[in-house]
Amino acid sequence: MDRLRLTALLGLTLLVACEAEPPPPPPAPPAPPAPAAPVKSPEEQKAEALLGKAKGLFQPLPTFMEKGGVRATDDQIALGRALYYETRLSKNQELSCNSCHDLATFGVDNKPTSTGHKGQLGGRNSPTSLNAALHIAQFWDGRAADVEAQAKGPVLNPVEMAMKDEASVVAVLKSIPGYEEPFKKAFPDQPDPITYDNMANAIGAFERGLVTPSPFDKFLGGDTKALNAEQLAGLEAFVDTGCIACHSGVGVGGAGYFKLGQAVPYETKDMGRFDLTKVETDKMVFKAPSLRNVTKTAPYFHDGSITTLDQAVTLMAKHQLGKDIDAATAGKIVTFLGALEGTVDAAYVAKPELPPSGPKTPKADKG
Ligand code: HEC
Ligand code: HEC
């Protein structure tokens, strides 16, 4: 081979070599060991699976229960807080919302039925005011649309606060000089803000902040350790027994109406929603209550006739689901219900100093 041909061949080879695959990279240094995948215990795996299921059935509490997406102002809340504790909104000036929905005891009075004006007993148990703004409607039968509408009821109810009429309530509020400014601030666009409706609007605004976050909310937020093993087993029993048919969502209840005694008749004289709608199928239909803080709100049922939570749970399984559950299962469910017990913000509910009466403020009427 002459030199020229050799060079040409070499060039061609090089050219071919250049177009060929690049040489393999030098062997990479040994990869650092992958971070050890945390070995999940069967318990953790179970808790995660249960969390996944629970997220489809329940939601954690909001920090404030807005009305139609609008947050109440701090001035409205402050006024509502005072009015919630205001005994001069009652005829004998001894009763306030807090008498029957005591914020120091989870928004209830723990009596079967409450004592109103002159010691009269109402026919139904006081539900808690905590988290109530979440409910589909207010009262056991849902006869008030929201907490603002609800707050207009008790003040004029003859067996509760027993005021004569709206005008006399407004007269009381106007006679207390210290309320003029707070009403103006709470309802700044209104020329004459001291009205019966605004009293109720302010109380409702305050109630919309009565949220009680619980370990169950932490759990729903993704912290699988927020519930202990017993509470998790109880959650499972609650779901598997079928309680979620009526007690689910953000309130773990409070979202719909059902017949008490749906599966097996339950004896009660109270006709529930029928009294309101006169529809035959509404007989003995009540709002399924929220089960938040239920460990603290004994006694139970619309008439306060059931003393213990174990009893309430066992009756529910029987009459609502047609299931006879044993004491152990009822106990498990009650343990789970304990995880719905939340924290009441002590500063938010603290009783403010109420403004003193003026010269025209009526005296208590015990008659
Ligand atoms: C004498 C006791 C008494 C007083 C005072 C009283 N309540 Fe009630 N409250 C009850 C009873 C009893 C019920 C249930 C009545 C029913 O469902 O028919 C109730 C129901 C409610 C509910 C509905 C909760 C739910 O889960 O449906 C709210 C909210 C409430 N009251 C707030 C208030 C406010 C605000 C005031 C003050 C303006 C007030 N209550 C004054 C006894 C009282
Ligand atoms: C078909 C609907 C339905 C099912 C299913 C159901 N409940 Fe209820 N629950 C209600 C209704 C309605 C009430 C109100 C009863 C009344 O009138 O007093 C209620 C009341 C309760 C109360 C009393 C709360 C209080 O504040 O007085 C508890 C506790 C309760 N349910 C737990 C459970 C448990 C646990 C299960 C499952 C074993 C369950 N419920 C299944 C509809 C249901």
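**Exercise 1. Find which residues sit closest to ligand 1, and say what sort of shell they belong to.**

Start with the head count: ligand 1 is surrounded by 25 residues, and the closest are C97, C100, P127, F139 and P154. A residue counts as near a molecule if its C-beta atom, placed from the backbone, lies within 6 Å of it. Before going on, a word on the source: this is a predicted model, where local features need pLDDT of at least 70 and side-chain atom pairs count only at pLDDT 80 or more, while totals for chains, interfaces and linings use all residues. Residues are numbered from 1 along each chain as its sequence is written, and chains are lettered from A and ligands numbered from 1 in the order in which they are written.

Next, look at the helices: α4 (97–100), α5 (147–150) and α6 (152–156) each supply at least two shell residues, and α4 gives the most, with three. Helices (H or I, at least four residues) and strands (E, at least two) are DSSP runs, numbered from the N terminus.

Finally, sort by class: 13 nonpolar, 10 polar and two charged. Here Ala, Val, Leu, Ile, Met, Phe, Trp, Tyr, Cys and Pro count as nonpolar, Asp, Glu, Lys and Arg as charged, and the others, Gly among them, as polar.

**Exercise 2. Do the same job for ligand 2.**

Step one: 26 residues surround ligand 2, with C243, C246, Y300, F301 and M316 the closest. Step two: helix α13 (residues 309–321) gives the most, namely seven residues. Step three: the shell splits into 19 nonpolar and seven polar residues, with no charged ones.

**Exercise 3. Work out how α13 packs against α14.**

Get the geometry first. Helix α14 covers residues 327–338, and its axis lies 9 Å from that of α13, at an angle of about 115°. Axes are lines fitted to C-alpha atoms, for helices over the stretch in contact, and angles run from 0 to 180 degrees between N-to-C directions.

Now list the players: L309, D310, V313 and T314 from α13 meet A330, G331, I333, V334 and L337 from α14. Contact means that the C-beta atoms of two residues, placed from the backbone, lie within 7 Å. By class, that's six nonpolar, two polar and one charged.

**Exercise 4. Describe how the two domains meet.**

An automatic or database domain assignment sets the bounds, giving domain 1 (74–211) and domain 2 (213–338). Their centres, taken over C-alpha atoms, are 27 Å apart. The contact takes 21 residues from domain 1 and 26 from domain 2. On the domain 1 side, you get 10 nonpolar, seven polar and four charged residues.

**Exercise 5. Pick out two backbone oddities.**

Recall the background: most residues other than glycine have a negative phi, and most peptide bonds are trans. Then check F106, in the loop between α4 and α5: its phi is positive, about 55°, although F106 is not a glycine. Then turn to P299, in the loop between β2 (285–287) and α13: the peptide bond from A298 to P299 is cis, with omega near -10°.
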